[in-house]
Amino acid sequence: MSDEAPTERPPSDQAIDPPLLERLASVAQARGLLRLGIVRLDHPGFAPARDALDRFHAAGKHGEMGFMTRTRAIRRDPAQMLPGARSLLVALVPYDAEPGPIARYARSSDYHTVIHGRLMEVEAALRDALPGVRSLICVDTKPVLERAAAMLAGLGFLGKSGCLIAPGLGSYVLLGALLVTARWTGADALAPEEALRGAPWDACGDCRRCLDACPTQAFDGPGDLDPRRCVSYLTIEHRGPIADSLADRLGERIAGCDVCQEVCPYNAGAARFRLTPEAAWIPPPPGRARDVDLVALATVGNSQHRAFVKHTALRRIPRRHLRRNALLALGNRETPLRAAERAAITRGLEDREPQIVAAAERAARRRGLLDEPGSSAD
Ligand code: B12
Ligand code: SF4
Ligand code: SF4
């Protein structure tokens, strides 16, 4: 405890000025958080983001994401979870992994844990500089409009895909924020008149590759996703059955989707590899590489499931949904049915879980299993 405590400023009077932000940014950088920025909560640029959120809910786009409805009011006004909050420090972390049936971010170590750990160091440095300051780390699970905050904090712009695109780094970046009671005394990274002029995806120009390439045509317009048609939502968040019209378009994806990012010209080229220090990448999960064997996943048991999702964001997918997804993916394969696939589908047909049975029936139909003499879905 420092002798200087009596001279502490009351928390309501604490401020982050540009030199302090610079010091925090260098702590962040050293810990693998790139491009630390700050935005005041009363930045007028949040208004259109809040309107977009309202339209999202009014159209029922939250689907089965109960966490979105439960936290709607706080997402609009994060000071409700930290009374006196006045600013958000926002940082980003790049990630990379092999393309495949699991989206890149979910093949890496769980970003919630990684970014949270790195933000704790920034939080500690802030508390050293401003004793008594209150703060809250927000990585995805705390209701903050992270993309809008990142854009307003000067980290990048939003693309028609809705993703935050950081200059030089592209959109394969994950976001984390530190909600703080201190006020920001510097200039806005994105001036209000700039933020309110045009659409946030102006930098996309005429390009619309992400909108056109989306396998489920999930965009209602630029930056306007309907998650209920998005592969990411269907494979990770959706707990009910998946309509055949959508299941037919999942391909072999079983957890998330990267198509709208894969086609984006801002992700082409090697600049992000050059600009990212080795320590900044979200590391691969500890332990052995997660092989994606659809047959094994279609019948995965409890302990294998735990091992498969451990230390990754895949933890969000319950075992029965991973099995459902694997069966849907097996149903989408175009190759001749192998014995191991037949066995996995047959096991699905005998399951007690209606969703698994439905996915197995679809796979059996599509792979010709039900046409074979003696085969039956009963
Ligand atoms: C719910 C959620 C989902 C849902 C719904 C996504 C959605 N588009 O709403 C589902 C499951 C589908 C999903 C999918 C994905 N997600 Co997600 N998701 C979230 C979460 C938890 C909340 C998002 C939210 O509030 N949605 C409501 C809509 C209205 O807000 P928004 O899309 O975030 O932002 C929009 C508004 O701010 C608006 N806006 C802002 N200013 C303005 C101004 C004007 C004039 C207008 C008109 C609009 C506008 O435009 C933005 C883009 O549409 C955030 C974390 C967080 N706390 O923010 C992560 C987050 C957005 N997801 C993330 C990721 C990585 C993904 C996936 C790439 C994962 C994958 N590979 O499968 C996909 C991408 C799909 C896509 N193209 O958006 C990252 C995005 C990082 C980035 N670079 O942008 C986040 C920020 C998580 C994180 N901490 O890094 N996700
Ligand atoms: S994540 Fe896939 S399904 Fe979702 S919007 Fe992007 S391309 Fe479409
Ligand atoms: S693919 Fe084109 S339209 Fe989509 S985010 Fe990238 S630049 Fe913008």
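## A walk through a two-domain chain

Start where the two halves meet: 22 residues of domain 1 are in contact with 26 residues of domain 2. On the domain 1 side of that meeting place, pick out helix 5 (104-107) and helix 6, the elements that each give two or more residues to it. Helix 5 supplies the largest share, with 3 residues. Colour this side by class and you'll get 11 nonpolar, 6 polar and 5 charged residues. Keep in mind as you click around that this is a predicted model.

**Zoom out to the domains.** Select 5-204 for domain 1, then 216-256 plus 285-366 for domain 2. Notice that domain 2 is written as two stretches of the chain. The C-alpha centres of the two domains are 31 Å apart.

**Now show the whole chain.** In cartoon view, you're looking at 18 helices and 10 strands. Turn it around: the C-alpha atoms fill a box of roughly 85 × 45 × 40 Å along the principal axes. How does the radius of gyration fit a compact globule? For 378 residues such a globule would have a value near 21 Å, and the chain has 23 Å, so the two agree. Buried residues account for 44% of the 378 in the chain. If you draw contacts between residues at least 6 apart in sequence, 75% of them join residues at least 24 apart.

**Next stop: Ile115.** Select helix 6 (residues 111-129) and find Ile115 in it. Is Ile115 buried or exposed? It has 25 C-beta neighbours inside 10 Å, and 20 are enough to count as buried, so Ile115 is buried. Leaving aside residues up to four places away in sequence, Ile115 touches Val93, Val139, Leu174 and Gly176. Try the distance tool on Val93: its C-alpha atom is 7.5 Å from that of Ile115, although the two are 22 residues apart along the chain.

**Then the ligands.** Click ligand 2 and show what surrounds it: Cys214, Pro215, Thr216, Ala218, Leu225, Cys230, Val231, Ser232, Cys257, Val259 and Cys260. Helix 10 (231-237) and helix 12 (259-262) are the elements giving two or more residues to this shell. Which classes turn up around ligand 2? There are 9 nonpolar and 2 polar residues, with no charged ones.

Finish at ligand 3, which has 13 residues around it. Gly159, Cys204, Cys207, Cys210 and Cys264 come nearest. This shell divides into 8 nonpolar, 2 polar and 3 charged residues.

Terms used
Residues numbered from 1 in each chain as written. Chains lettered and ligands numbered in written order. Predicted model: local features only at pLDDT ≥ 70, side-chain atom pairs only at ≥ 80, totals over all residues. Near = placed C-beta within 6 Å. Helix = DSSP H or I, 4+ residues; strand = E, 2+ residues; numbered from the N terminus. Nonpolar A, V, L, I, M, F, W, Y, C, P; charged D, E, K, R; others polar. Buried ≥ 20, exposed ≤ 12 C-beta atoms within 10 Å, placed from the backbone. Contact = placed C-beta atoms within 7 Å. Rg over C-alpha atoms; globule rule 2.2 N^0.38 Å. Domains from an automatic or database assignment.
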